[in-house]
Amino acid sequence: QVQLVESGGGLVQPGGSLRLSCAASGSIFRPNAMGWYRQAPGKERELVARAISGSNTNYADSVKGRFTISRDNAKNTVYLQMNSLKPEDTAVYYCNAWILRYGGSSYTDYWGQGTQVTVSS
């Protein structure tokens with residue numbers, strides 16, 4: 001089995017910063033893409049940022065220049081540094097990872113439980 005555990009959410013004022021972490025654990029042979037999605041009330045879940053490898057990353061247009069995704073492959077951990085936060089960034093943030101398990105024949109999509117980020121004065 002594989003688990004994704006997120007941390008780092010919370011309440012922050014507009015213009016502030018937060019850093020989210022997501023650690024994958026369990027029967028992991030090789031992770032592929034790791035990233036972050038978010039879902040605001042009444043809206044669909046959307047991609048925030050994704051890292052295929054250290055240099056191969058992509059971002060939602062709404063967060064480009066403000067958010068930075070990074071990975072520590074030795075720890076199977078992905079981070080999201082969020083700067084210049086805006087009220088519209090308020091959402092539940094979900095970690096996502098495509099992982100090949102030991103003994104597996106294909107990559108499987110895993111999700112974390114979600115962490116709340118609230119940007120408000």
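These legends accompany four close-up views of a predicted model.

**View 1. Strand β1 shows two faces and a partner strand.** Strand β1 covers residues 2-7. In a regular strand the side chains alternate between the two faces of the sheet. Follow that pattern here: V2, L4 and E6 sit on the covered face of β1, while Q3, V5 and S7 sit on the uncovered one. Strand β1 also has company, since six bridges join it to strand β3 (residues 18-26), and the two strands run antiparallel. To find one of these links, start at V5 and look for A23, its bridge partner in β3.

**View 2. Many strands contribute to the largest nonpolar core.** In soluble globular proteins, nonpolar side chains tend to be buried together. The largest nonpolar core in this model has 30 residues. Which of its members touch the most other members? They are W36, L80, M82 and Y93. The elements that give two or more residues to this core are β1, β3, β4 (28-39), β5 (46-51), β7 (67-72), β8 (77-82), β9 (91-101) and β11 (115-119). Strand β9 provides the largest share, five residues.

**View 3. L80 and its contacts.** Here we stay with L80, one of the core members that touch the most others. Which residues is L80 in contact with, leaving aside its neighbours within four places in sequence? From the earlier part of the chain come L18, R19 and L20, followed by W36, V48 and A49. The list continues with F67, T68 and I69, and ends with Y93. Two of these contacts, W36 and Y93, are familiar from the previous view.

**View 4. Salt bridges link four charged residues.** Side chains of opposite charge can pair when their charged atoms come close. The model has four salt bridges, and this view visits several of them. Begin at E46, which forms a salt bridge with R38, with the closest N and O atoms 2.7 Å apart. E46 is partly exposed, at 36% relative accessible area, whereas R38 is buried, at 6%.

R38 forms a salt bridge with D89 as well, and here the closest N and O atoms are 3.0 Å apart. This pair links distant parts of the chain: R38 is in strand β4 and D89 in the loop between β8 and β9, 51 residues apart. D89 is buried, with a relative accessible area of 1%.

D89 also meets R66 in a salt bridge, 2.8 Å from N to O. R66 lies in the loop between β6 (57-59) and β7, so its pairing with D89 ties together parts 23 residues apart in sequence. R66 counts as buried too, at 10% relative accessibility. Through shared partners, R38, E46, R66 and D89 join into one network.

How values were computed:
Residues numbered from 1 in each chain as written. Predicted model: local features only at pLDDT ≥ 70, side-chain atom pairs only at ≥ 80, totals over all residues. Heavy atoms only, no water. Buried < 20%, exposed > 50% of the residue type's maximum accessible area, 1.4 Å probe, protein only. Helix = DSSP H or I, 4+ residues; strand = E, 2+ residues; numbered from the N terminus. Pairing = 2+ DSSP bridges. Core = buried A, V, L, I, M, F, W, Y, C linked by side-chain atoms within 4.5 Å. Contact = heavy atoms within 4.5 Å. Salt bridge = Lys/Arg side-chain N within 4 Å of Asp/Glu carboxyl O.
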